Amino acid sequence: MAACTNYLLTLSFHHANSSSISIPKFSTRLHFNRPSRVVENISAQITCSATTSSNNHMTRTSNILGLIDQADAGLSSTGKFGRFGGVFVPETLVSCLNKLAAEFNFILHDPQFQGELAVALRDYVGRETPLYFAQRLTDHYKNSRGEGPEIYLKREDLNHGGAHKINNAIAQAMLAKRMGRKSVVAATGAGQHGVATAAVCAKLSLDCSIFMGNVDEERQSSNVLLMKHLGARVKTVEGTFKDATSEAIRKWVEDLDSSYYLAGTAVGPHPCPSMVREFQSVIGKETRKQAMEKWGGKPDVLVACVGSGSNALGMFHEFVRDEDVRLIGVEAAGSGIDSGKHSATLSKGEVGVYHGAMSYLLQDDEGQIIGPHSIGVGLEYPGVSPELSFLKDIGRAEFHTVTDEEALDAYAVLCRLEGIAPALEAAHALAYLEKLCPTLTNRTKVGDLDNSYCLVGTAEGPPCPSMVPKFRLVIGKETRKQAMEKLADKPDVLVARVGRYALLCCPEGIFPALEAAHALAYLGNFARPTLPNGTKLERPIMHGHF
Ligand SMILES: Cc1ncc(COP(=O)(O)O)c(C=O)c1O
């Protein structure tokens, strides 16, 4: 990979390896986990072309799509989205990343891998997730004349594990397995990526180490426990997510041949940002299909919270070329956008290099990282996806901020109006509705009320499947239909509610409720002595809150 051929950089990584690459424009010194400010805005031209032509929609449109085409065309050779992204790593890592990029490009078009992934997404992750019409939230935001946008929630909270992270984790773990890797290392902040990675490693029999900051471990202790139940080693690092990420990458570099670094979000050196975005793009693809089914069109507005960018890009990517769909990313203003305690990287950051790629960054005048803050732990990262940085620069996506307090209010509103407890990260997207909805109402006054759909991305929540309303009859009916599809027959044995927690937890990466674990435990007791040669045991259908 021809990484960094334009710049003179001295990278210091793991206190040992370094590489120098020449560039004529400027010289700056980059430590792996200490960014330097890029002194020249080489995309001024791009920004201007999007801005100066904003009076002329047609010109602006073709400019933006042209820039997206240009970036797409260069991506596989340069790893860059415009000026962002790249491979700012020591030489020792370059061949490993090249190999990963080659495998990734292969499986993208490999029908066998894609077929297996589709089955895992359906049967293990639980896709597709519903596109839920939030009637009471819609009513809440209507104006005095009863006008307002219709609000839909893409229910990523209903995925196995309670968040979108598993869409990417399962796909990358399958890729790791295909590459013959034996162990996986990952970093987590809120713990959702840690839980997702631990789960898929259990399922695929991969050794799993999750790095987590001590501060985050304390805040997200239930997820730490769950990762351990799922068989992962949780490695404590002094600090928060950014420090855990540096440590996870260091650990990976110690054993590049047999270990795999499973990136949880759309940051890091190429191909990590493209890979994570690709594996999350199932969110947007489903959304397009479901919108077509529900109202025969596209959504007008997509809103998603932005930590580092995976759920936002997962939703946005499918619609990036549909310029009539507004893309809105919501960042964490924390204690206030001017308080110095926030995670609003795209809104307040400046361009630099961190964790192997160029993006907007929270950094001080010396180019040192400013520690991020948000009540949504998963939003606390000083960098952001290079692709989102690019979409900001070309004017294709807009970014706004909401404070901790506003996010907490939005959390309470969704709980009380819809009976859905969103993750505090997703509550940031919801909070932005307060500002957005009145402006959409203005727009509907000019005549397109019926077409005004506002779609809020990824309402992730904590793993709480018992909140999913399912009636017994529904479970039985679905079971009969699925058994006919999978086995062309009825199930022989149904076991319900009667477990060994670890039995299912570790070998399959599924965490049953302790009630359901009783049914699982019984399998061991009755199967061997009473059923002939395992024939029936192949088909027990477990019923319980998994
Ligand atoms: C539920 C949830 N939503 C959003 C995020 C933010 O990450 P990203 O911007 O990569 O989607 C996280 C991160 O942990 C999360 O756990």
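Which residues in α7 meet which residues in α9? The legends below take up this contact, the ligand shell and the whole chain of this predicted model.

**View 1. The contact of α7 with α9.** From α7, Gln192, Gly194, Val195 and Ala198 take part. Their partners in α9 are Asn223, Leu226 and Met227. By class, this contact holds four nonpolar and three polar residues, with no charged residues.

**View 2. The axes of α7 and α9.** Helix α9 spans residues 221-229. The axes of α7 and α9 lie 9 Å apart. The packing angle is about 10°. Angles under 35 degrees count as roughly parallel, and α7 and α9 are therefore roughly parallel to each other.

**View 3. Residues around the ligand.** The ligand has 20 residues around it. Thr265, Gly307, Ser310, Asn311 and Gly378 come nearest. By class, the shell has ten polar residues, eight nonpolar residues and two charged residues.

**View 4. Helices that supply the ligand shell.** At least two shell residues come from each of α7 (192-203), α13 (310-316) and α17 (424-431). The most come from α13, which gives three residues. Helix α7 thus appears in two settings: in the shell around the ligand and packed with α9.

**View 5. The whole chain.** The chain has 546 residues, and 49% of them are buried. Its secondary structure comes to 21 helices and 19 strands. Among the helices are α7, α13 and α17 from the ligand shell, along with α9.

Technical notes:
Residues are numbered from 1 along each chain as its sequence is written. This is a predicted model: local features need pLDDT of at least 70, side-chain atom pairs count only at pLDDT 80 or more; totals for chains, interfaces and linings use all residues. A residue is near a molecule or strand if its C-beta atom, placed from the backbone, lies within 6 Å of it. Helices (H or I, at least four residues) and strands (E, at least two) are DSSP runs, numbered from the N terminus. Ala, Val, Leu, Ile, Met, Phe, Trp, Tyr, Cys and Pro count as nonpolar, Asp, Glu, Lys and Arg as charged, and the others, Gly among them, as polar. A residue is buried if 20 or more other C-beta atoms lie within 10 Å of its own, exposed if 12 or fewer, and partly exposed in between; C-beta atoms are placed from the backbone. Axes are lines fitted to C-alpha atoms, for helices over the stretch in contact, and angles run from 0 to 180 degrees between N-to-C directions. Angles under 35 degrees count as roughly parallel, over 145 as roughly antiparallel, 65 to 115 as roughly perpendicular and the rest as oblique. Two residues are in contact if their C-beta atoms, placed from the backbone, lie within 7 Å.
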